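Me: I would like to go through a structure with you. I will ask why things are called what they are called.

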Amino acid sequence: MSQSFAKSSASSRRHFLAQSAFGVSSLGLVTLLKEEQLLAAPEKPELGEVTHDLLPKKTSHPARAKSMISIFCGGGPSHIDLFDRKPVLDEYAGKRFPGDGIKYDNAGQATSIIMPSPNTFKKCGESGMEINVEMLPQFAEIVDDVTLVRSMQLPNIRNHVAGMRAMTTGRAREGWPSLGSWITYGLGSETQNLPAFVAITIPKNPVGSPYWDSRQLPSIYQGTVVRKTDPKIANLNPIAQLRGKPQGNQLDLLKELNQIHLERHPGEDDLSARIASYELAARMQTAATEALDLSKETEATHKMYGADDPVTKEFADALILARRFVERGVRFVQVWNYGWDMHENIFEYLKRRCDASDKPSAALVKDLKNRGLLDSTIVQWGGEMGRLPVIQDRGEGKKPGRDHNTEGFSIWMAGGGLKEGHIHGATDDFGHRAVEDVVTQHDFHATLLHQFGLKAEELHYDHNAQPVALVEPGQGKVATGILK
Amino acid sequence: MLNQLRRNSLLLFALLVFCSRVPCASAADQRLTFENDIRPIFKAYCFHCHGEEKELSGDLDLRLQRLILKGGESGETIVPGKHAESLLFEYVESGDMPPDEKQRLKPEEVELIAKWIDQGAPTAGPEQTGDIKPGDFLITRNERSHWAFRPIKKSAVPVVVALTKKQTENEINPIDAFIARKLKEKGLWFSQSANRLTLIRRAAYDLTGLPPSPEELKQYLADQSPDAYEKMIDRLLESPHYGERWTRHWLDVAGYADSEGYNDKDIIRADAWHYRDYVIRSLNADKPWDQFIIEQLAGDELVKATHASAQKLVDGDVATRDKLTATGFLRLAPDGTGSSPMDPAIARNQVITESVKIISSSLLGMTIGCAECHHHRFDPIPQQDFYRLRAVIAPVFDHEKWRVPTNRRAALMSEADKAKAAELSAKVKKLDEQHKQKKAEVTQLIFERVLTEIPEAEREQAKAAYETERKKRTAEQAQLLKKKFPMLDLLSPGTLHLFIARYKDGNELKKQFEAIKAEADKIRAKIPQPEYIRIATEDPQHIPDTFVFYRGDISSPEPDKVVPGGLTVIGSELQNRFPLNNPELPTSGRRLAFARYLTNGKHPLVARVLMNRFWMHHFGQAFVDSTGDFGARANPPTHPELLDWLAADFMEQGWQLKRIHRLIMTSRTYRQTSTTHSEQAASIDADNRLLWRMNLRRLEAEAIRDAILAVSGELNRNPFGEPVPVSLSDSGIITVGAGKVSKDRRELKRSIYVQVRRTQPVTMLNAFDAPSMEPNCERRVSSTVATQSLALLNSEFIRKQSVAFAKRVLSAAGKEADDTTLIKTAWEMALSSQPSDTEMLALQKHMQLQLKEYQARKVKDPRQEALTSLCHVLFGTNQFLYVE
């Protein structure tokens, strides 16, 4: 791997320069500006301070995926009501759950009375994947493009923040780099004009700490937050007084002064890198502003995602934006939505959430496929938990809900070299616990890294002279069953 | 547990990660030895199962050549002279061993083993004799003689003829002599001295983290005496900003934060900053570092404080309080035990282990944390060493009688405040009693009224039931009230408000007692509240035992108690073990013994580690790059003799850092220009490891923010005090303060005073690589990315400071001043120099272009707006962001 565990003397870029035939200043620009051409990153010599950039990096093995859109459904969509039908629940309706080991988040409101799922499941597509078609009518149309993982499990985790952290950083504890940071650290970016890792938040930030933090990794691998309202990206646009010509003049002056300064310090590639980084910043302003401009999309596209309908608009806009980013070379897009934590009145709330998200989510897969992007893009949909088969009772007058279930839940993924129309793993008869081909967060991460051409055991970063990794050795295995 | 998993897999992980750094193959004809060539390979790949665990896998021990020759379960391991017939070779070559396929030996390592066997499997010298038990940790002579473990030796200052030509030997700065010798050896030589403007800017940033003030600049330039430079350095060393600058460096390695971390609650540590201020005061006073270290590790033991007596001592004199404040160092690790963690035992353990790691990376420069679960795979650090160090600090933390952060602090209050608090509290108490009394009276009144509503026949019965204490009521009484007279059942002073409304005079009745309460509350609000200091203290009544945790698992302690001590590899057992208890102290005395041992002038690591970092902060590169790891995997120092000379001199001369700054900064080495460009020098030493010129350095995040504020004139130079809070702004970034500048202008204080919230790093500082404290940062990275440029171009902070800067320029130069004067003034304020002619042309052109633009846009003051734009650009130039 190019991100070798090397530390020491001086800038490796300096080494690179010393060996290079190019002139210094032009090279600084070349290395930073070549975004279309995959400039192979220079092999980092053993003796070289590790410098960090977002240039594309070599993979360990051929990559099946180049980018990823993670539609994170925080709160825990009910797998047994959406993706994992359990006929046994009908038999046991109103009876006690016969098994043991249910762990409740809220024991006070817990019952052990089985609550069946709505009887609106149907086998869909050529694959015959059985899903709840009333809740997910649009998803029903893309099942043949999708791998449905019915055996997710987060060991020893019960609540949301720990679960969302586990799904994004591998650990329940706060303080570790996010999946998107790891992937951009390992692979760099295909574009130098846009942030490599983007987090789109709808409608509001998820509870808990930012899940797009780079933590121990250098800050360049941090996710850039894209918000619903302006400024969508912090510091992206000049203030009014500088918009247009004035900032252009400023950039000209900066370049001129920095060039004069550089002439006094020939061979200092850091200085030329900064000159280039101003040009990048300027281009990023244009590129990101363009990427954020949804008016460039056709009416048909808006309609396809449901941007014309107030019910689906929020989701639709976010996912169109996600697609635009991926199209433009962004490595990792996280779309955050929270609101799947249904402790009461679950069927009504579930319908509402599905109504808002089903059409846009399915449209995203179709759209990527139509544009030939699905092969190289992994779309992932799901949360940090599922829900229990038993009733959670919040008291008189409250309709029943379901409590947390991290022992078994479902997520779906499409594209990026994953199987199509495939179901992976299974939970027990009651949908309580994953029992077949269990996929933990570590397996999930190892599998994703694998599709990106990275080896989990090789991807690490030296922090305080000690290695930090997303997946630690022996912790996660690639779920080969879902790979094409 | 996840945590557990993490720990268990850590050493396996280390194996994978570091395998690429195992010594490389020797030349073909070289004579190989077990100790030098083969053992490091086996240690990295095999010892785990074959020697360092109590269970010996396959009955085969690979730790010594004689044990290898003895063979194992499968018989003969090697046949000296014949690698092809050796089982060991077969196994490693085929990849059967090690069993984990991710840990295959590299071909060159396999080859080395073959060669060694063919050469007859020789050793370098006689091997350790006697019975060696599996699981014992063997340290070889080679390991003991690793440069970092050897005593610090002050060798004679070299005589370099090229230097003595111009100066007498006494005049030569020893640093220059050491540097010159190496340069000479490589056919290199010093660059010329930088000009005065460059030197003062360099010195000011190095020592104060701020640009030189115009007055300082003027004074230095006007001083034509031969020691003008030295005097300037002395003035900067006396600046109160010196301590702020160098405290930042120390807080990085100490892991300072204003929040507890650990989980997403990331509770605010409102009491950490007194420790930060203690460090600033200590550094400004040039407190000797031996004392500084002793205070931080054992300030409580210095003043004979215990958990019980600490508050009283803090109330006493300032010097004592200071010593206790210093122990805040031991309280810097993330501590989630006050935030209802999922698993409290693990949360507690985490605090202790992270503290061990902070001590080891900040003071010892060794990755002792690696030995939490197992013997270190590369360095001679047995697992016991981690726990010996843990035993040193264990009495403070005491995992058996844990105290959450709020129970590990002492209140700070002046005598006057205390007296006032006592006085007001007494008043409040009295009023509270009156209030209670009055309320009871009103309740009684209401009771009597309710009673009249009850038929006379039942009154007595109801009265008796009501007047019986609720708990003492008979079942009949309780039933009676509940069923028949629910009003009486309900009535109590606590439910009085429900009854008041029923009566016409209710409001008046209410006023009778509410008025008293209002008065009490008013006084209550005036009771002075204490500030707190975070302290580390021991409870002598309870000193916990320390055990090695098998694989780091807190539920698997091994049977033998661990004695507190330093690293085994350093010195003999006697020198680095401390008694469990010092009878002369009320506490265990372990930390005081440890701190004195570290600072006794003989410890090989401490002074080297400190000096290495001091040097780095002056030159942008250290002698040893891995500033927190001086172990086997570290590159050896670029100038070992100089590092030792400085470390020895530092200790001999009283551990005073300001003297070292003076020594370094008055050297020719330091005064070199950074602008030399020599093809020849670059071809010999492209990385400037030998210092044939000065390095160009980018300012750190805090220095950039502080410098911008200083140049704009907005910097609030008030030292010390509560951290300035940070907040998430409307535009989605984390800023200092909450948008507006407060009356006391605290948002404009230096960055050292800005709250360090682990989960909320200030966006501007974060962009320029301010570290996240997990748990500390032994060395910063320096990146150059577009987000930095975006912040410099578009952030609100920059805009505001540019506006202020332009105003400052206008008021200094006068509104009537021409463009050239304005530009010169701005340039000098920002860059402490004069623009060249070409620079001036570019700047003038910019002024004109922007003026035209703003005139066309009809803004209020086009000229000022144009100047603001120019000032803005100056903040973004490399000249501003880098120190030459």
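What follows is a short round of questions on a predicted model.

Me: What makes the 311 residues a nonpolar core?

Reply: A nonpolar core takes buried residues of nonpolar kinds, joined through C-beta atoms within 7 Å. The largest such set here has 311 residues. Those with the most contacts inside it include A:Ile200, A:Val333, B:Leu324 and B:Leu870. Helix 9 of chain A, residues 269-292, gives the largest share, 11 residues.

Me: Why is B:Leu324 said to touch B:Ile533?

Reply: Two residues are in contact if their C-beta atoms lie within 7 Å, so this pair must meet that limit. B:Leu324 also touches B:Val303, B:Leu313 and B:Ala410, among others. Residues up to four places away in sequence are not counted.

Me: Which residues belong to the other core, of 27 residues?

Reply: Among them are B:Met97, B:Leu105, B:Ile117 and B:Ala632. This core lies apart from the one of 311 residues.

Me: What makes a residue of chain B count as buried, and how many do?

Reply: A buried residue has 20 or more other C-beta atoms within 10 Å of its own. Of the 884 residues of chain B, 49% count as buried.

Me: Where does domain 2 of chain B run?

Reply: Domain 2 is given as 288-413 + 535-598. Domain 3 is given as 415-529. The C-alpha centres of domain 3 and domain 4 of chain B lie 72 Å apart.

Me: How many helices and strands does chain B have?

Reply: Chain B comes to 38 helices and 8 strands.

Notes. Residues are numbered from 1 along each chain as its sequence is written. Chains are lettered from A and ligands numbered from 1 in the order in which they are written. This is a predicted model: local features need pLDDT of at least 70, side-chain atom pairs count only at pLDDT 80 or more; totals for chains, interfaces and linings use all residues. A residue is buried if 20 or more other C-beta atoms lie within 10 Å of its own, exposed if 12 or fewer, and partly exposed in between; C-beta atoms are placed from the backbone. Helices (H or I, at least four residues) and strands (E, at least two) are DSSP runs, numbered from the N terminus. Domain bounds come from an automatic or database domain assignment.
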